[in-house]
Amino acid sequence: MDNSLSIEELKKAFNDFTSASKVIEQTYGFLKEEINHLKDELKSKNERLAELSLLLESIVMNMRSGFMVVDIKGQILLKNNILSNYSGDDKHFIENIINEKYPGIYEREIGERIFKITVDSIDFQNKKVFTYLVDDVTDIKNLEKEKHRDEKLKLMGEMAANIAHEIRNPLGSIELYSSVLLRSLKNEKDINLINSIIKGLKTINNIISNILVFNRDINVDIRKHYVSDIVDDVVLYLRHLMVGKKIEFQNRVGDDDIIYCDSEYLKQVIMNLLHNSIESVEEKGQIIIYSNEDDISTKIIVEDNGCGIKKEYFDKLFIPFQTNKPKGTGLGLSIAYKIVKEHGGNIYPESDGSTYTKFTIELPKRGLYVK
Ligand SMILES: Nc1ncnc2c1ncn2[C@@H]1O[C@H](COP(=O)(O)OP(=O)(O)OP(=O)(O)O)[C@@H](O)[C@H]1O
Ligand SMILES: [Mg+2]
């Protein structure tokens, strides 16, 4: 048997080999192209990943909440900037937070601040790690407290207003009967006694008026009045309070001075100012009330030579419940302010802090509300 390949067969085998190697060469070319393409894709994906992780890091490091990752041994793996700001030099700050090991939301007072701490645990590379989100909620908590206090104050105010309203009528009757009784008395001791009662009643009445104004919305009915009519009424009402102290009182209000106001409310303002002046002066004190009028406004000025008001107290004067008196309610000036502002006017103090005080009420001539 002849085993040798014929020339024809060899040629065919060679041709087959050539075409097979061409296919391989072609396929290799494709593969090479594919690999290059994949390489490019990987490169751009890696770049994108690096970008993303940079972005994530920047977000975590700079987010508004404190953030920290801690391993099971308590080693800090990551801590962002705001958390470093919170902790500052306080070594115990971080310990206080790490103490919480169970997932949940906690509220902790650390130093003078209140923090909300959200704890979570996650598996990271087959190990358990804890994440801590830390927020300073001091301001929110204080606002909540303030709101709660305001609601309580409002309720107390409403209650006080109801009581004040109920007291007012019998008080009026007692005052009336006392005045009638006073006229029939001859004995000086009895007269002094009734005068003291009337004085006390007027003080209570003034407190009640202030409480009532404090709790209601003021609706002023502005009309044209003589300043003297208003001031005379108040002085008549308050004269009992001045008797005991031997106060030299001067009413220098111009006879023709005009003011645009709600007379009842303005009386209360002047009453509160005069009350304060009477309380501030010692024996032989001096109180002067006068007025000024021009085309734009009318001013009523109450001046006394009492104890004066320190400059640093000026800012607090018109805030409700700010008082320096053992029995004061601290409502007088805040009510005065509220009423004057309702008139579109102004009220301002002047004092050297020790020898005199001057309050000026200024109401506009052609205010918004003038009828
Ligand atoms: N003429 C004044 N001289 C000195 N201090 C004054 C004068 N007027 C007000 N003050 C100071 O301002 C504070 C606040 O006055 P305000 O009239 O609002 O409250 P009060 O007089 O203390 O209490 P209330 O008027 O409710 O009885 C007073 O406690 C007092 O210290
Ligand atoms: Mg007062």
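A polar contact is a pair of N or O atoms within 3.5 Å; within protein, one atom must be able to donate a hydrogen and the other to accept it, and residues adjacent in sequence count only if both atoms are side-chain atoms. This is a predicted model, in which local features need pLDDT of at least 70 and side-chain atom pairs count only at pLDDT 80 or more, while totals for chains, interfaces and linings use all residues. Residues are numbered from 1 along each chain as its sequence is written, ligands are numbered from 1 in the order in which they are written, and side-chain values use heavy atoms, with hydrogens and water left out.

**Exercise 1.** Determine which atoms of Gly330, Gly332 and Thr357 face ligand 1, and how much of the ligand the protein buries.

*Solution.* Begin with the backbone: an N or O atom of Gly330 lies 3.0 Å from an oxygen atom of ligand 1, and a backbone N or O atom of Gly332 lies 3.3 Å from an oxygen atom of ligand 1. Next, a polar side-chain atom of Thr357 lies 3.4 Å from a nitrogen atom of ligand 1. Finally, ligand 1 taken alone exposes 600 Å², of which the protein buries 92% (accessible areas by the Shrake-Rupley method with a 1.4 Å probe).

**Exercise 2.** Describe the domain layout of the protein chain.

*Solution.* The assignment, automatic or from a database, gives domain 1 (62–135), domain 2 (137–216) and domain 3 (221–371). The C-alpha centres of domain 1 and domain 3 then lie 58 Å apart.
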